[in-house]
Amino acid sequence: MKIGVMGAGAVGCYYGGMLARAGHEVMLVGRSAHVEALQRRGLRLQTSAFDVELPVQASTEAAALGDAALVLFCVKSTDTETAGLALRTHLAPEALVLSLQNGVDNAERLQALVDVPVWPAVVYVAAEMAGPGHVKHNGRGELVIGPTAARGVPGTLDAAGLISLLIDASVPAETSDNVAGALWAKLVLNCAYNALSALTRLPYGPLVAREGMARVMDDLVAECLAVAAASGVQIPGDVPAAVRRIAQTMPDQFSSTAQDLRRGRPSEIDHLNGYVIRRGEATATPTPVNRCLHALVKVLEGDLA
């Protein structure tokens with residue numbers, strides 16, 4: 001299958017690489033530095049189980065995805081509209097777009113711009129770009145997908161076909177009829193770790209081991225759960241326990257916000273803790289811990305600008 005990746009960062013390169021390793025034709029669209037490396041020597045996919053160089057195609061232009069049957073949409077939440085507008089006229093009529101992004105409303109925002117189905121996916125993977133054209137996998141990798149009413153033409157890849165395709169590529173995947181709850185569960189994890197990892201410059205394991213951090217995270221998670229409940233969202237599972245497990249399953253992982261600030265780039269904090277703040281205001285739910293962390297990250301962003 002011809003598969004496109006819009007946003008060839010760590011997430012896009014990891015999943016694109018796994019699909020290329022399974023024999024699919026993969027086109028990665030990303031920044032020029034990565035694209036040049038990908039065109040020269042392919043994609044290096046480094047995991048604990050293997051370290052391979054994979055033949056992929058790469059471009060800086062969304063037009064390169066015109067014949068893709070499946071597009072993994074992996075841009076930052078701040079770039080959803082810009083990238084969606086760039087992509088909209090190049091999508092094949094039978095294409096399916098899968099939003100592999102942080103935050104809870106990206107698929108909805110993208111669906112408003114394109115005429116093919118956009119399905120949200122909750123992404124649980126620890127990965128980083130270790131250099132141009134080189135993605136390093138640090139842990140996990142499963143996807144939870146929420147199929148929505150199709151707006152495409154008959155022949156669009158269906159949910160069963162998509163899950164089969166991903167599992168055959170060694171990507172654990174499942175569908176959910178409560179994708180809103182699953183997206184919020186991931187949002188809470190991001191809110192708990194992203195800002196604190198960025199502010200302390202610590203990976204998850206050492207972060208939670210520092211004095212007082214566990215209680216701060218407990219307070220933050222409680223705020224997020226209160227906002228979700230006030231918004232009518234039912235989050236499945238034991239969320240506080242899931243938050244604690246992240247430090248055990250991804251102890252060496254720095255948050256995406258930490259990686260963004262280290263590279264001098266804007267973060268997604270407005271779509272993480274900032275989103276919780278906005279929903280808190282809309283539902284009259286206090287969010288002082290989220291507000292504090294959001295403000296501190298914005299100060300660092302301003303200093304780097």
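**Entry 1: helix α6**

I began with helix α6 and found that 19 of its 22 residues are buried, so the helix is mostly covered. I note here that the model is predicted. I then looked up the extent of α6, which runs over residues 179–200. From its first C-alpha to its last, this helix reaches 31 Å, close to the 32 Å expected at 1.5 Å a residue. I also checked the course of the axis and recorded a bend of about 30° at N190.

**Entry 2: the residue after α6**

I next asked which residue follows α6. The residue is R201, and its phi is positive. I located R201 in the loop between α6 and α7, the latter being residues 204–209. The phi value of R201 is near 60°, and I marked it as a positive value in a residue other than glycine. I noted the background to this mark: most residues other than glycine have a negative phi. Is R201 buried or exposed? I entered R201 as exposed because its relative accessible area is 71% and the cut-off for exposed is over 50%.

**Entry 3: A284**

I looked up A284 for its backbone angle as well. Its phi is near 55°, a positive value in a residue other than glycine. A284 lies in the loop between α11 (273–282) and α12 (288–304). With a relative accessible area of 71%, A284 is exposed.

**Entry 4: the cavity**

I turned to enclosed space and asked how many cavities of 30 Å³ or more are counted. The count is 1. I recorded a volume of about 40 Å³ for the largest cavity. I listed its lining as Q101, N102, G103, A121, V122, V123, L183 and K186. By class, I entered 4 nonpolar residues, 3 polar and 1 charged. Which element gives the most to this lining? I found that β8 does, with 3 residues. Strand β8 (118–131) and helix α6 each supply at least two residues of the lining.

**Entry 5: the second largest pocket**

I then examined the second largest pocket, which holds about 380 Å³ of space. Its lining has 20 residues, and I noted Y124, R140, A185, P236 and A242 as the closest to the centre of the pocket. I looked up which elements contribute at least two residues each, and these include α6, the helix of my opening entry. The others I wrote down are β9 (134–145), β10 (173–175) and α9 (239–249). I sorted the lining of this pocket into 12 nonpolar, 3 polar and 5 charged residues.

**Entry 6: aromatic pairs**

I looked for aromatic pairs and entered a count of 3. One of them is formed by Y14 and Y15. The ring centres of Y14 and Y15 lie 5.0 Å apart, with 75° between the planes. I classed this pair as edge-to-face because planes over 60 degrees apart count as such. I checked the accessibility of both partners. Y14 has 5% relative accessibility and counts as buried, and Y15 is buried with a relative accessible area of 1%.

**Entry 7: G161**

I closed with G161, which I placed in helix α5 (residues 159–168). Its relative accessible area is 25%, so I entered G161 as partly exposed. I also looked up its separation from T175, which is 14 residues away along the chain. The C-alpha atoms of G161 and T175 are separated by 11 Å.

Terms used:
Residues are numbered from 1 along each chain as its sequence is written. This is a predicted model: local features need pLDDT of at least 70, side-chain atom pairs count only at pLDDT 80 or more; totals for chains, interfaces and linings use all residues. Side-chain values use heavy atoms; hydrogens and water are left out. Helices (H or I, at least four residues) and strands (E, at least two) are DSSP runs, numbered from the N terminus. The expected span of a helix is 1.5 Å times one less than its number of residues. The bend at a residue is the angle between axes fitted to the seven residues ending there and the seven starting there. Buried means under 20% relative accessible area, exposed over 50%, partly exposed in between (1.4 Å probe, protein chains only). On a 1 Å grid over the protein atoms alone, a cavity is a set of points where a 1.4 Å probe fits but cannot get out, and a pocket is an open set with protein on both sides within 12 Å along at least five of seven lines; lining residues have an atom within 4 Å of a point. Grid points are joined across faces, edges and corners, and a volume is the space filled by probe spheres set on the points. Ala, Val, Leu, Ile, Met, Phe, Trp, Tyr, Cys and Pro count as nonpolar, Asp, Glu, Lys and Arg as charged, and the others, Gly among them, as polar. Rings of Phe, Tyr and Trp (its six-membered ring) pair if their centres lie within 6.5 Å; planes under 30 degrees apart count as stacked, over 60 as edge-to-face and the rest as tilted.
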